[in-house]
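Me: I have a structure here and some words used to describe it. Please explain how each word is earned.

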Amino acid sequence: MRFLCLHGYGTSADIFKTQTSAFRAKLSIYPPPTFDFIDGPLPSLPAAGIDLFYPPPYYSFYDSASVPALHAAHTWLLDYVAKHGPYDAVMTFSQGGVLASSLLLSHFINTPHLPSPFKLAVFLCSGLHLATLDELGLPVGQKARDLDKSSRQALATQASSEAILAQGHERWTGIESAEATEGEVLETDVYGLDFTQYPKEWRIRIPTVHVYGKKDPRCPASIQLAWFCEDRKRREYDHGAGHEVPRKRDVSVAIAEAVEWAVKMAGREA
């Protein structure tokens, strides 16, 4: 099985490889999967706080979250897959997840009769961008827009070099007004999104894994994305931390088990 791996904003393929090394080492999949870590096409400033741990260069997949920028990134990604694929799966972090999830959701809504670009997806601290929902004509409540804005601001603050140096791991406090527990949200109010207003067939219909942390300010976006994936084909795991992939043994084992589950699910559907 071949995984295409898409990093977060202001990082790189090498950084993402390091961020995922602990749980990838725990995978029990035969034959062993291969992971193709690629750099985004655009040189970038470092993500908040990342330059404390990793040297340049840094990259991104798009430089604004506008619909045209996402479309350009979709074109670039599909061209890459056409030249270097096929790939069975996609594994993403943050911005890479926005790119992959928006591509997949658009595919299953607009061209469901065509083969999906990927058979499964692993989303690490990843969410959909509201611009994608606007483009698809899906209603987005003001609560969702306000939370999206405030969570981005909170992430920039909590991930900053200043916060890291002053507070370390204690800097991750999530965001007020958002409790990152799916069991406490309703279909009519998934952090401001009313899923009863969305056609039920408008979902990402491949096995998906959603890994997030309740102390991540962007956790609500990760849970919203999970709701846009078929319930019986998705698995979620809350590692309890921030906008990161903790490398503790228990977390690594749990993520690996979720990925193994998705691989088996995809195999049964092949």
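Me: Why is Asp 148 called buried?
Reply: Buried means under 20% relative accessible area, exposed means over 50%, and partly exposed lies in between (1.4 Å probe, protein chains only). Asp 148 has 15% relative accessibility, so Asp 148 counts as buried. This is a predicted model, in which local features need pLDDT of at least 70 and side-chain atom pairs count only at pLDDT 80 or more, while totals for chains, interfaces and linings use all residues. Residues are numbered from 1 along each chain as its sequence is written, and side-chain values use heavy atoms, with hydrogens and water left out.

Me: What makes the pair Arg 218 and Asp 148 a salt bridge?
Reply: A salt bridge needs a side-chain nitrogen of Lys or Arg within 4 Å of a carboxyl oxygen of Asp or Glu. For Arg 218 and Asp 148 the N to O distance is 3.0 Å, so the pair fits the definition. Arg 218 lies in the loop between β7 (208-212) and α8 (219-227), and Asp 148 in helix α6 (residues 142-158), so the bridge ties together parts 70 residues apart in sequence. A helix here is a DSSP run of H or I with at least four residues, a strand is a run of E with at least two, and both are numbered from the N terminus. Arg 218, at 12% relative accessibility, also counts as buried. Asp 148, Arg 152 and Arg 218 are linked in a network of salt bridges.

Me: Why do Asp 88 and Lys 119 count as a salt bridge?
Reply: Their closest N and O atoms are 3.5 Å apart, so the distance is within the limit of 4 Å. Asp 88 lies in the loop between α3 (67-84) and β5 (89-93), and Lys 119 in the loop between α4 (95-110) and β6 (120-124), so this pair ties together parts 31 residues apart in sequence.

Me: Why is Lys 119 called partly exposed?
Reply: Its relative accessible area is 43%. That value falls between the cut-offs for buried and exposed, so partly exposed is the word for Lys 119.

Me: How do you know that Cys 5 is in no disulfide?
Reply: A search of the whole structure finds zero disulfides. For Cys 5, the nearest cysteine sulfur is that of Cys 125, 15 Å away. A disulfide is a pair of cysteine sulfur atoms within 2.5 Å, so Cys 5 does not qualify. Cys 219 is in no disulfide either, with the sulfur of Cys 125 8.3 Å away.
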